[in-house]
Amino acid sequence: MRIEVNGDPRDIAATTVAGALSELGWGEARVATALNGEFLPSAARAEQPLRDGDRLEVLAPMQGG
């Protein structure tokens, strides 16, 4: 299916947000996620289905000062 990840179109095989994160290399990363503009808690990722055209935002904390 085709979804948008951080503004870029991506073709993925995963059917859940957790699966997509794993497929895209963020499986073990501590990240915040939003699906179609709505915050998605980490506990909900495994059960949250993805649909063609969904918009997934993945944000990782950055160090600095």
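This briefing walks through the sheet in the structure above, with strand β5 as the guide. The model is a predicted one. Its five strands form an open sheet with mixed pairing, in the order β2-β1-β5-β3-β4. Strand β5 covers residues 55–59, and β1 and β3 are the strands beside it in that order.

**The sheet as a whole**
- Strands β2 (8–11) and β4 (38–40) stand at the edges.
- Each of these two has a single partner strand, so one side of each is left without a neighbour in the sheet.
- From one strand to the next, the twist averages 35°.

**How β5 meets its neighbours**
- Strands of a sheet pair through backbone hydrogen bonds, in either a parallel or an antiparallel way.
- With β1 (residues 2–5), β5 runs parallel, and two bridges join the pair.
- On that side, glutamate 4 stands opposite arginine 55 of β5.
- With β3 (residues 32–35), β5 runs antiparallel, and here four bridges join the strands.
- Alanine 32 has leucine 59 of β5 as its bridge partner, while alanine 34 stands opposite glutamate 57 in β5.

**The two faces of β5**
- In a regular strand, side chains alternate between the two faces of the sheet.
- Leu56 and Val58 make up the covered face of β5.
- Arg55, Glu57 and Leu59 lie on the uncovered face.
- Arg55 on that uncovered face is the residue opposite glutamate 4, and Glu57, also on the uncovered face, is the one opposite alanine 34.

Terms used: Residues numbered from 1 in each chain as written. Predicted model: local features only at pLDDT ≥ 70, side-chain atom pairs only at ≥ 80, totals over all residues. Heavy atoms only, no water. Buried < 20%, exposed > 50% of the residue type's maximum accessible area, 1.4 Å probe, protein only. Pairing = 2+ DSSP bridges. Axes fitted to C-alpha atoms, helices over the stretch in contact; angles between N-to-C directions.
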